[in-house]
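Hi,

Here is the structure I promised to pass along. Have a look at it first, and my notes follow underneath.

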Amino acid sequence: MRLFLATAFALGWLFQYLALYNPLWLVAAMWTPALGAILEMKKKGSLRPRPLRSELGSLVRIYRATAPAAAWLLLMCGVAYFLIGLQPLDLEKALQGRIPLWWYLATTAFMAPLAPVINAFLATFGEELGWRGYLLPRLASRYGWGGASVVVGLVWGLWHTPAILLLGHNYGKTWCLPCLALFVLLTIPMSFIHTWAYLKYGVWGAAFLHGAVNGWAGIYVLLYSQTIGDLLWGLAGIYGAATLSIVAAVFWIGLKSSLPPSGG
């Protein structure tokens with residue numbers, strides 16, 4: 001596990017720093033957990049790529065792993081509008097006639113279902129092979145699936161430290177220590193829904209879910225652009241973490257009765 005963590009953090013943090021000069025390094029950083037997992041498994045002679053490839057199986061089945069991301073988006077947007085009273089962006093006014101509103105909505109509706117697939121193949125599989133494919137089952141043998149999800153969520157959140165502090169990732173504020181704390185508060189419930197996806201649909205399922213979160217959560221940011229950088233109502237703020245915790249609890253309760261033996 002030391003080699004995995006050293007690779008994921010040393011290279012991952014280096015690449016996130018280099019993203020100051022070219023944002024494409026952020027994509028490269030997302031593959032460092034996969035590299036760490038591969039090096040660790042190769043060292044121990046436990047590298048078995050065939051089962052990972054076979055997980056793709058039916059894309060339709062794996063696409064079901066994106067359900068928590070859809071539930072989170074609907075809950076965030078619904079509560080914000082109906083209970084809190086936040087006013088969504090007037091899209092037609094924001095577009096200022098540059099393109100017709102119907103064309104913008106049609107393009108968004110077409111691209112949204114593709115986001116989990118595109119993101120999974122471009123980047124999120126790299127993280128998920130490391131966090132869920134390697135680290136999670138090894139920690140589960142010590143702490144159970146629930147305890148392992150908490151630890152992975154903590155590690156996962158702290159792994160983003162350079163992106164948050166140096167780049168202002170998700171918050172638009174650099175050197176914001178409360179932002180880092182809030183992001184960890186977000187990645188812990190996020191870890192539970194990714195454990196759910198991994199146990200039901202494998203590493204690719206977790207990658208599709210991760211891709212859906214990255215691709216769909218921006219809809220909340222678009223509709224409620226006044227919350228950008230807001231540590232209370234923002235997507236990655238207290239509100240985002242609270243609504244995600246509700247979604248994670250619902251999916252986890254549904255999974256708990258059928259949890260496999262830990263340490264798989």
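How many salt bridges does the count come to? Just one, bearing in mind that this is a predicted model. The pair is E128 and R132, whose side chains meet at 2.6 Å, N to O. That is inside the 4 Å cut-off for a salt bridge.

Where do the two partners sit? Both E128 and R132 belong to helix 9 (residues 115-159), and they are four residues apart, about one turn of the helix. As for burial, E128 has 0% relative accessibility, so E128 counts as buried. R132 is also at 0% relative accessibility and therefore counts as buried. The cut-off for buried is under 20%.

The other thing I looked at is a helix pair. Helix 11 (residues 177-216) packs with helix 13 (residues 238-256) at an angle of about 25°, and their axes are 9 Å apart. Angles under 35 degrees count as roughly parallel, so helix 11 and helix 13 are roughly parallel to each other. Their crossing is left-handed.

If you want to pull up the contact itself, helix 11 contributes residues including L182, L185, P189, F192, W196 and K200, while helix 13 brings in, among others, I238, G240, L244, S245, F251 and W252. What is the make-up of this contact by class? Between helix 11 and helix 13 there are 16 nonpolar, three polar and one charged residues.

That's what I have for now.

Cheers

Technical notes: Residues numbered from 1 in each chain as written. Predicted model: local features only at pLDDT ≥ 70, side-chain atom pairs only at ≥ 80, totals over all residues. Heavy atoms only, no water. Helix = DSSP H or I, 4+ residues; strand = E, 2+ residues; numbered from the N terminus. Buried < 20%, exposed > 50% of the residue type's maximum accessible area, 1.4 Å probe, protein only. Axes fitted to C-alpha atoms, helices over the stretch in contact; angles between N-to-C directions. Parallel < 35°, antiparallel > 145°, perpendicular 65-115°, else oblique. Left-handed = near helix turned anticlockwise from the far one by under 90°. Contact = heavy atoms within 4.5 Å. Nonpolar A, V, L, I, M, F, W, Y, C, P; charged D, E, K, R; others polar.
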